[in-house]
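Welcome! Please take a moment to look at the sequence and the structure before reading on.

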Amino acid sequence: MPYQITNQNPCTITLWPHQSMNPQGFVWFIGITSSLIFLPAIAILGSPVVWGLLPFFIIALWAVWSAIRRNQKDAAVRETLIIDCETTALSRINPRTAAQSWQANTYWVSAHMHTKAGPVENYVTLKGANREVELGAFLSADERVTLYDDVQRLLKEHREATPSYSADP
């Protein structure tokens, strides 16, 4: 799962997008791609035509490199949901925009899953403090279902752990 739950007090759920390529895989991919791009140049090695085609080979390799690096930077988003008996707080660190945050009283926070109505299938939101925020929109549909179940369970556990206040001394 591309999220981790820490069951301490407060409970923390850290979410991140799935990363299918690690740094070693990136090196292998660029190495194989550059070999395949420069393979046709072997036939014309030693002729002046190489100098005419070489810039296009380099531009193609640079474009692949740049696209993968851009994708890795875009996938640097992180969401952290902190749930304790009193407060539920969500913070989102975006790669190119300002960080976002939201918090509400845990007792009044509710999790909702919009199976068809959201921008993605099984869209998960948290509602509280007169605001509704999305949670884990970058996860797959199955992962959002599991996340929704975990958030529901944790909110219920923390609501039940909330101390009850009585008027009697």
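What follows is a short tour of some local features. One thing to keep in mind is that this is a predicted model.

**Salt bridges**

Let us begin with charged side chains. Side chains of opposite charge can pair when their charged atoms come close. How many salt bridges are there by the rule used here? The count comes to six. The table shows some of them.

| Pair | Closest N to O distance |
|---|---|
| D74 and R70 | 3.5 Å |
| R153 and D150 | 3.7 Å |
| E157 and R153 | 3.3 Å |

In helix α2, D74 and R70 are four residues apart, which means that about one helical turn separates them. D74 is partly exposed because its relative accessibility is 30%, and R70 is also partly exposed, at 47%. R96 belongs to this picture too, as R70, D74 and R96 are linked in a network of salt bridges.

Helix α3, residues 141-160, holds R153 and D150, three residues apart, or about one turn of the helix. E157 lies in helix α3 as well, four residues from R153, again about one turn. So R153 has a salt bridge with D150 and another with E157. How do these residues sit relative to the surface? R153 is partly exposed, with a relative accessible area of 35%, and E157 is partly exposed at 39%. D150, at 16%, falls under the 20% cut-off and is therefore buried.

**A nonpolar patch**

Now turn to the surface. Which residues form a nonpolar patch there? They are W28, I32, L36, L39 and I42, with about 580 Å² of accessible area together. One of them, L39, is in the loop between α1 (23-38) and α2 (49-74).

**A hairpin and the loop after it**

Strands β4 (residues 87-93) and β5 (residues 100-105) run antiparallel and are joined by six bridges. The two strands form a hairpin, with six residues between them. Within this pairing, T88 stands opposite A104 in β5.

The loop between β5 and β6 (110-114) contains Y107. With a relative accessible area of 49%, Y107 is partly exposed. Y107 and T87 are 20 residues apart in sequence, while their C-alpha atoms are 8.1 Å apart in space.

**A buried threonine**

Is T125 buried or exposed? T125 is buried, because its relative accessibility is 3%. This residue is in strand β7, residues 123-128. Leaving aside neighbours within four places in sequence, T125 is in contact with S110, A111, H112, H114, E132, V133 and E134. With E132 there is also a polar contact between the two side chains, at 2.6 Å.

**Two asparagines with positive phi**

Most residues other than glycine have a negative phi. Two asparagines make a nice pair to look at here. N122 has a positive phi of about 55°, and N130 has a positive phi of about 60°. N122 lies in the loop between β6 and β7, whereas N130 is found in the loop between β7 and β8 (131-134). Their surroundings are worth a look as well: N122 counts as buried, at 10% relative accessibility, while N130 is exposed, with a relative accessible area of 87%.

Technical notes. Residues are numbered from 1 along each chain as its sequence is written. This is a predicted model: local features need pLDDT of at least 70, side-chain atom pairs count only at pLDDT 80 or more; totals for chains, interfaces and linings use all residues. Side-chain values use heavy atoms; hydrogens and water are left out. Patches are made of residues with over 30% relative accessible area and no salt bridge: like charges are joined within 9 Å, nonpolar side chains (Val, Leu, Ile, Met, Phe, Trp, Tyr) within 5 Å. Accessible areas come from the Shrake-Rupley method with a 1.4 Å probe; for residues, only the protein chains shown count as cover. A salt bridge is a side-chain nitrogen of Lys or Arg within 4 Å of a carboxyl oxygen of Asp or Glu. Buried means under 20% relative accessible area, exposed over 50%, partly exposed in between (1.4 Å probe, protein chains only). A polar contact is a pair of N or O atoms within 3.5 Å; within protein, one must be able to donate a hydrogen and the other to accept it, and residues adjacent in sequence count only if both atoms are side-chain atoms. Contact means heavy atoms within 4.5 Å. Two strands pair if DSSP finds at least two bridges between them.
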